[in-house]
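This report looks at charged side-chain pairs and at one sheet. The structure is shown first.

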Amino acid sequence: MKYKLIALDLDGTLLDNNKNISPANLEALQKARDNGAKVVIITGRSRSKTATQPFLDKLESRELTGYYQGALVVDEFDENPIYSCTLKKNDCKDIYLDAVKRGLNMQVYRGGDAYVERFDEYSYRYQQHIKCKLNLVDSLEKLIDSDENLKLLINTSEKQVKRNFEYFYNKYSSRVNVVTSSKNYIEFTHRDATKGNALKFIASRYRIDRSEIIAMGDQLNDVSMLEFAGVGVAMGNAPDNVKAKADMVTLTNDEDGVKYALDILMNE
């Protein structure tokens, strides 16, 4: 078999717009596993039992999983973290203060938990769609003053993301990774915490060469993973700048795009 590892983003890729794994995609992935391929998830989602675990259970996955854009890799067989890459507190402080000055609501992630200091329509929507509980605290300042944070996320309107992304990218991209993972999110992780680096780490643990990897994604935060893999597959719903970085474009996440790509690639 030519391809031995299939790496998948969740939202907008494996999951349809109703946040489900379709029977067709599930069947295609099981067929790939039956033929000896490993299937791993690398997501921006947290390690929360409600945010990601239900999909791992659906896949019956006990493989390695990448969380927080690759800042954390967990062996799901024994649930032990085997790789972690946290933000420096000085970077956290500066980004947080800039977000406050610009009137933007921030979420802070450490371990399997997420924290916010005020709820608005976007944080409520986040909890509903991602199924990740946000813990309300009086202030994020104590959490920010730490080297234990895996990810910071600005959750706001699409208009505000467009208005603010360039500012944060230009100011902080030399210090941290600054990416958009949806129209409502600007995310910050350690410079080494990328999906591409997480995939590289996972592949080395399995002793699988990059030429034997298929990776699929739909957003800019997936590009490093698509570029590392032997074949990078962009979803049909991905923006043009992501499609331009891919080796192949498949159908959308609502059209069983994962199955469509695997039917072609696994039969080469």
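Arg 110 counts as buried, because its relative accessibility is 17% and the cut-off for buried is under 20%. The model described here is predicted. The side chain of Arg 110 meets that of Glu 148 in a salt bridge. This pair links distant parts of the chain: Arg 110 lies in strand E6, Glu 148 in the loop between helix H5 and strand E9, and 38 residues separate them.

A search of the whole structure finds 18 salt bridges. The table gives three of them, including the pair just described.

| Acidic residue | Basic residue | N to O distance |
|---|---|---|
| Asp 94 | Arg 175 | 2.8 Å |
| Glu 148 | Arg 110 | 3.4 Å |
| Glu 121 | Arg 125 | 3.5 Å |

Asp 94 in helix H3 and Arg 175 in the loop between helix H6 and strand E10 are 81 residues apart. Asp 94 is partly exposed, at 31% relative accessible area, and Arg 175 is partly exposed with 31%.

Glu 121 and Arg 125 both belong to helix H4; they are 4 residues apart, so about one helical turn separates them. Arg 125 is partly exposed, at 33% relative accessibility. Elsewhere, Asp 9, Lys 195 and Asp 222 are joined into one network by salt bridges that share partners.

The sheet is open and has 3 strands in the order E3-E4-E5, with antiparallel pairing. Strands E3 and E5 stand at the edges with a single partner strand each, so one side of each has no neighbour in the sheet. On average, neighbouring strands are turned by 25 degrees against each other, direction ignored. E4 and E5 pair over 4 bridges, and Asp 75 has Asn 80 in E5 as its bridge partner. Helix H7 packs on this sheet and touches E3, E4 and E5.

How values were computed:
Residues numbered from 1 in each chain as written. Predicted model: local features only at pLDDT ≥ 70, side-chain atom pairs only at ≥ 80, totals over all residues. Heavy atoms only, no water. Pairing = 2+ DSSP bridges. Helix = DSSP H or I, 4+ residues; strand = E, 2+ residues; numbered from the N terminus. Axes fitted to C-alpha atoms, helices over the stretch in contact; angles between N-to-C directions. Contact = heavy atoms within 4.5 Å. Salt bridge = Lys/Arg side-chain N within 4 Å of Asp/Glu carboxyl O. Buried < 20%, exposed > 50% of the residue type's maximum accessible area, 1.4 Å probe, protein only.
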